[in-house]
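Subject: Handover of a structure model

Dear colleague,

Please find below the structure for your own work, followed by an account of what was found in it. I should be grateful if you would read the account alongside the coordinates.

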Amino acid sequence: MRETKVVCRELDCGNPVAESRPLVKEGRGGVRLESSCNGHESTLRQCVTKTYTCEGGYYHHVICSESVRLVDGAGLCSGRVEVKSNQSWASVCEADFDRQDAEVVCGELGCGAPAALQGGLYGEGEGQTWDKESQCKGKESLLLDCDTSDRENNTCLPGNAVGLTCSEPDDVRLVGGGSRCAGGVEQYDQGEWRTVGDDYWGDVAVVVCRQLACGSTVSVLPGNTTRGFGASCSGSEPSLRECWRGYDLLPGLTVICSDLLVQPDISLTDSMGGVSRGHQGPEMFRGYNFTITCSTQPQYPGGSFLLTFTVSNRTQTQPAVNHSAAFLFPAADDSHQGNYRCVYDNYVFSHNFSSESELLSLTITASPLTAFIIRHVVVLLILLTAITTSYLYYKPTRRQKTVNRVSSMDLYVNAMEMVSLSSRAEAGPGEERAAQGTE
């Protein structure tokens with residue numbers, strides 16, 4: 001699409017959206033151009049071009065965005081947003097552009113969903129700022145279909161020219177390889193999936209693996225020679241549609257990318273109810289058996305699972321049976337606490353591939369029965385201590401009370417005797433003898 005990009009730029013029609021080659025009606029001649037552009041030329045004449053006269057056949061059909069474009073980005077789906085206004089291009093202020101506006105622009109340009117939206121992301125525009133504010137609902141086909149309103153403030157501060165990054169279009173796939181990252185290359189074009197071929201396989205494979213987020217290229221094999229279209233890439237393009245496209249009959253490609261295997265799953269189970277869910281992950285009670293299971297989706301037969309334990313670098317390996325493997329741990333103790341990971345290995349397409357699961361963080365805690373016993377022993381000890389303390393306290397107290405009671409009686413007797421003596425002294429000798437006689 002490098003030549004298409006130059007054509008749209010020369011016509012001042014924004015970004016290229018699509019290209020195709022409808023069949024020319026019989027008897028209609030034309031000019032055949034074989035152009036080689038790098039995509040940065042201002043006009044098609046600046047490209048290396050060979051001209052031929054042709055009778056019938058195919059001609060190039062180009063669709064440009066016309067009213068909106070992304071500039072100064074890494075590809076067709078990223079750059080500073082500019083809108084065509086009064087036959088000139090104007091940047092858009094970040095305050096006047098939201099996520100729903102971005103969804104419409106990304107769709108209009110043939111890209112995927114918005115991935116990043118930020119002022120100053122791709123520099124400042126040299127021209128004017130758009131004097132409108134878009135009010136898209138996100139479902140419109142074109143930005144011009146959205147409602148607009150006049151901007152409240154006609155100035156846009158430096159650093160606020162909105163930049164937009166859209167994801168790459170979902171128009172490429174690999175088929176027949178048992179994985180989304182392996183198989184024959186196909187691209188969606190004019191309403192159908194078509195085979196992509198190339199004489200120089202490597203660079204096309206690099207772009208395909210990158211666009212599909214499948215890692216790097218592992219191998220490229222010749223595929224079926226099916227009429228579709230050829231592609232020629234430099235290897236730096238973010239998507240296949242930005243490569244050169246030809247319509248000669250070329251052998252198809254079978255591409256194998258490094259991220260061939262899907263990510264395996266890791267889980268922990270037990271048959272005695274000794275596992276619970278904690279804040280950092282599963283918690284296992286001491287003394288209980290537990291099992292860590294590794295599993296993966298059924299892509300390819302065979303393979304093996306490696307279970308790694310990061311604390312002590314211990315590893316265990318088991319063959320994959322029905323795409324899973326179970327690792328049994330008897331009597332959990334503190335040495336089992338740590339992080340576990342499953343690694344799935346398989347040998348397919350004459351290469352070794354592996355994929356790692358997420359980490360499983362395991363904590364070992366006391367069992368409920370042990371905790372119950374400890375808790376009750378502690379309670380009994382507290383009660384015993386309280387009883388002993390009370391006994392030791394009240395025993396000398398009772399003795400002291402007995403002593404106190406004896407002392408009180410002595411004081412009472414002494415007091416009574418003193419009262420009696422005092423009474424006799426006051427009565428005199430006669431009364432005392434009378435009292436004795438009476439007695």
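Among contacts in the chain between residues at least 6 apart in sequence, what percentage join residues at least 24 apart? The value is 68%. Please bear in mind that this is a predicted model. The chain has 439 residues, of which 37% are buried, and its secondary structure comes to four helices and 28 strands.

The nonpolar cores

The largest nonpolar core holds 29 residues, and those that touch the most other members are Met-284, Phe-290, Ile-292, Leu-307, Tyr-340 and Leu-362. At least two residues of this core come from each of β19 (265-269), β21 (282-285), β22 (290-295), β23 (304-309), β25 (324-329), β26 (338-348) and β28 (360-365). The strand that gives the most is β26, with four residues. Apart from this core lies another, of 22 residues, which includes Leu-174, Ala-205, Cys-209 and Ala-231. As a general point, nonpolar side chains in soluble globular proteins tend to be buried together.

Two members of the largest core can be followed in detail. Met-284 is found in strand β21. Met-284 counts as buried because its relative accessibility is 0%, where the limit for a buried residue is under 20%. Leaving aside neighbours within four places in sequence, Met-284 is in contact with Leu-268, Asp-270, Gly-274, Val-275, Asn-289, Phe-290, Ala-332, Leu-362, Thr-363, Ile-364 and Thr-365. One of these partners, Gly-274, lies 10 residues away along the chain, and the C-alpha atoms of Gly-274 and Met-284 are separated by 5.8 Å. Leu-362, for its part, touches Leu-268, Pro-282, Met-284, Phe-290, His-336, Gln-337, Gly-338 and Tyr-340, again not counting residues up to four places away in sequence.

Cavities

The whole structure was searched for enclosed space, and three cavities of 30 Å³ or more were found. The largest cavity has a volume of about 50 Å³. Its lining consists of Leu-307, Phe-309, Arg-314, Thr-315, Gln-316, Phe-329 and Tyr-340. Of these lining residues, four are nonpolar, two polar and one charged. Both β23 and β24 (314-319) supply at least two residues of the lining, and β24 gives the most, with three. Leu-307 and Tyr-340, which are in this lining, also appear among the residues of the largest core that touch the most other members.

The second largest pocket and helix α1

About 600 Å³ of space lies in the second largest pocket. It is lined by 26 residues, and the closest to its centre are Lys-5, Arg-9, His-40, Gly-73 and Gly-75. Its lining divides into nine nonpolar, eight polar and nine charged residues. Helix α1 and strand β5 (68-72) each supply at least two residues of this lining.

Helix α1 spans residues 2-10, and its buried residues include Arg-2, Glu-3, Thr-4, Lys-5, Val-6 and Cys-8. Lys-5 is thus listed as buried and is also one of the residues closest to the centre of the second largest pocket.

Backbone angles

Most residues other than glycine have a negative phi. Which residue just after α1 takes a positive phi? It is Asp-12, with a value of about 55 degrees.

Asn-322 also has a positive phi, near 55 degrees. Asn-322 sits in the loop between β24 and β25 and is exposed, with a relative accessible area of 69%. Ala-331, in turn, has a positive phi near 50 degrees and belongs to the loop between β25 and β26. Ala-331 is partly exposed, as its relative accessible area is 40%.

A strand pairing

Finally, strand β12 (residues 172-179) and strand β13 (residues 182-189) run antiparallel and are joined by six bridges. How many residues lie between β12 and β13 in the hairpin that they form? There are two. Within this pairing, Val-175 has Gly-184 of β13 as its bridge partner.

Yours sincerely

Key: Residues numbered from 1 in each chain as written. Predicted model: local features only at pLDDT ≥ 70, side-chain atom pairs only at ≥ 80, totals over all residues. Heavy atoms only, no water. Core = buried A, V, L, I, M, F, W, Y, C linked by side-chain atoms within 4.5 Å. Buried < 20%, exposed > 50% of the residue type's maximum accessible area, 1.4 Å probe, protein only. Contact = heavy atoms within 4.5 Å. Pairing = 2+ DSSP bridges. 1 Å grid on protein atoms, 1.4 Å probe; cavity = no way out; pocket = protein on both sides within 12 Å on 5 of 7 lines; lining within 4 Å. Points joined across faces, edges and corners; volume = space filled by probe spheres on them. Nonpolar A, V, L, I, M, F, W, Y, C, P; charged D, E, K, R; others polar.
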